[in-house]
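Subject: Structure handover

Hi,

Here is the structure for you to look over. My notes follow below.

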Amino acid sequence: MNVCIIGTGYVGLVTGVCLAEIGNNVICVDKIKEKVDLLSNGKVPIYEPELDNFLQRNIKNDKLAFTTNISDAIKESDIIYICVGTPPLSNGQADLHYVEEVACEIGKYINDEKIIVNKSTVPIGSGDWVSMVISDSIEKNNKNKNVSFNVVSNPEFLREGSAISDTFFPDRIVIGSSSKKAIDKMLKLYEPIINQSFNWRDSERLIPKNTKIPVVISDLTSSEMIKYAANSFLATKISFINEIANICEKVGADVSKVAEGIGLDKRIGPAFLNAGIGWGGSCFPKDVSALSNIAGEYGLSTQILNAVVNVNREQRLKITQKIQNELKIIKGKTIGVLGISFKPDTDDTREAPSIKIMNDLVNLGARVKAYDPIVSAALGSLSKKVEICSSAYEAVRGADMFILATEWEEFLKLDYAKIKDMMRSPVLIDGRNYLDKNSLEKQGFKYIGIGR
Ligand code: UDX
């Protein structure tokens with residue numbers, strides 16, 4: 001099918017590349033020419049494993065192209081994905097003006113029957129609002145009267161760092177629409193993924209070939225709610241285990257063992273029970289606050305979601321308290337930070353716990369040295385206050401202690417005997433309970449974990 005992706009950010013780019021990979025003709029639109037040129041040359045502006053290979057292959061196979069020309073892209077496509085950002089406003093509500101802009105353009109250039117897919121995470125009820133904006137724009141700007149469209153909600157469940165495999169091997173596909181015709185067209189588009197029949201090295205399939213992926217078909221609003229409820233529940237699970245970790249610290253239990261013990265209960269499941277310095281990223285914070293705001297519009301107070309956010313906020317403050325407990329005086333001390341991104345295998349630092357922790361330490365007068373395998377760009381206001389090092393060893397050299405803030409795999413392979421000799425005092429806070437506590441203690445480190 002001919003597909004148009006509007007917005008080549010994280011979601012749009014991954015969706016476009018994967019739809020091209022399963023045989024569709026995909027044109028991706030962005031209004032930033034430099035970005036379009038970069039992508040057209042097979043360069044990826046974000047760090048996402050494997051994305052560059054898929055991008056280059058599909059450009060070469062003439063299945064994928066990039067343009068700033070939104071009108072032609074809309075006219076030539078059957079299915080149009082809205083993948084522009086919906087960043088949080090200061091009051092926590094989602095900023096929809098990018099979506100509105102695109103919906104107006106679609107109304108202006110639509111030339112026959114189209115399916116409009118809301119891929120961006122939009123507030124509940126937005127599908128109807130997008131329909132209204134497009135219809136108004138057709139009314140105002142479109143001479144061509146025999147046009148028609150249906151809006152479909154098709155939320156994404158991609159995790160940064162595993163976005164491509166999450167697309168090809170999803171737990172489920174969700175399609176929300178009032179139009180059976182639109183739903184049938186979307187089922188056709190996703191058929192290779194639903195039937196797991198796309199080409200892939202069999203040894204690397206995460207799901208056996210020809211397994212049927214569950215598809216949830218619903219109305220628009222329920223589909224939008226599924227996205228918010230999923231992210232909010234995942235964030236809740238993490239804040240729950242972090243609260244348990246805080247109790248474990250007081251009673252002397254090991255939260256990793258507790259997580260193992262409860263996770264074996266099929267009703268709970270082992271995933272997302274890793275206690276640590278809390279969740280960040282561009283989705284959980286935005287989606288949890290947006291859902292809370294939507295509830296607020298109906299006079300509902302979201303007591304659980306509010307608690308989930310509060311526990312998460314306090315979790316990173318606890319790290320600074322642990323450092324103060326250990327070093328007593330922070331001023332003048334040198335503290336190393338290993339990992340800056342909000343999670344491994346990404347360069348995204350949005351709402352990363354490390355940023356808040358480094359800010360607090362700098363404000364308390366510490367000298368902060370940080371290293372991340374991928375994030376080396378200046379960190380806004382922090383860039384002048386934090387020394388970005390070129391290796392983990394540099395970040396811990398002469399340090400009074402170091403914090404592991406992001407569980408990058410390379411931190412498992414460091415020479416900790418060498419690190420111990422390089423530090424002023426061999427003390428570490430393992431913010432992700434990622435390192436081997438017993439081995440490090442045997443090597444003479446003072447190991448401080450979260451709930452361990
Ligand atoms: C999330 C959802 O997982 C994904 O389905 C949705 O589409 C987008 O938001 P993402 O934000 O990329 O994906 O990362 P994720 O792997 O979910 O981690 C989110 C945060 O939770 C990270 O800061 C991570 O460090 C933290 N986390 C995750 C924990 O603290 N403990 C865990 O057990 C798991």
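A salt bridge here is a side-chain nitrogen of Lys or Arg within 4 Å of a carboxyl oxygen of Asp or Glu. Keep in mind that this is a predicted model.

Salt bridges

By this rule the count comes to 26 salt bridges. Start with E21 and R57. Their side chains meet in a salt bridge, at 3.2 Å from N to O. E21 sits in helix α1 and R57 in helix α3 (residues 51-60), so the pair ties together parts that are 36 residues apart in sequence. E21 is partly exposed, with a relative accessible area of 26%. R57 is also partly exposed, at 34%.

Next, R205 and D202. Their closest N and O atoms are 2.8 Å apart, and the two form a salt bridge. R205 counts as buried, at 11% relative accessibility. D202 counts as exposed, at 55%.

Then D265 and R267. This salt bridge has its closest N and O atoms 2.6 Å apart. D265 is partly exposed, with a relative accessible area of 22%. R267 is exposed, at 76%.

There is also a network of salt bridges. It links E160, D348 and R350.

Nonpolar cores

The largest nonpolar core has 44 residues. Which of them touch the most other members? They are L19, Y81, F168, M186 and Y190. Helix α1 (residues 10-21) gives the most to this core, with eight residues.

Take L19 in more detail. Leaving aside neighbours within four places in sequence, L19 is in contact with V3, I5, N24, V26, Y81, L189 and Y190. Y81 and Y190 are themselves among the core residues that touch the most other members.

Another core lies apart from this one. It has 36 residues, among them A245, I319, I355 and I448.

Helix packing

One helix pair to check is α6 (residues 126-141) and α10 (residues 220-251). They pack at an angle of about 125°, and their axes are 8 Å apart. That makes α6 oblique to α10. For the cut-offs, 65 to 115 degrees counts as roughly perpendicular and over 145 as roughly antiparallel. An angle of about 125° therefore falls under oblique.

Which residues meet there? From α6 come S126, G127 and D128, and from α10 come L220, T221 and E224. The residues of this contact divide into one nonpolar, three polar and two charged.

Best wishes

Definitions and conventions:
Residues are numbered from 1 along each chain as its sequence is written. This is a predicted model: local features need pLDDT of at least 70, side-chain atom pairs count only at pLDDT 80 or more; totals for chains, interfaces and linings use all residues. Side-chain values use heavy atoms; hydrogens and water are left out. Axes are lines fitted to C-alpha atoms, for helices over the stretch in contact, and angles run from 0 to 180 degrees between N-to-C directions. Helices (H or I, at least four residues) and strands (E, at least two) are DSSP runs, numbered from the N terminus. Angles under 35 degrees count as roughly parallel, over 145 as roughly antiparallel, 65 to 115 as roughly perpendicular and the rest as oblique. Contact means heavy atoms within 4.5 Å. Ala, Val, Leu, Ile, Met, Phe, Trp, Tyr, Cys and Pro count as nonpolar, Asp, Glu, Lys and Arg as charged, and the others, Gly among them, as polar. A nonpolar core is a set of buried Ala, Val, Leu, Ile, Met, Phe, Trp, Tyr and Cys residues joined through side-chain atoms within 4.5 Å. Buried means under 20% relative accessible area, exposed over 50%, partly exposed in between (1.4 Å probe, protein chains only).
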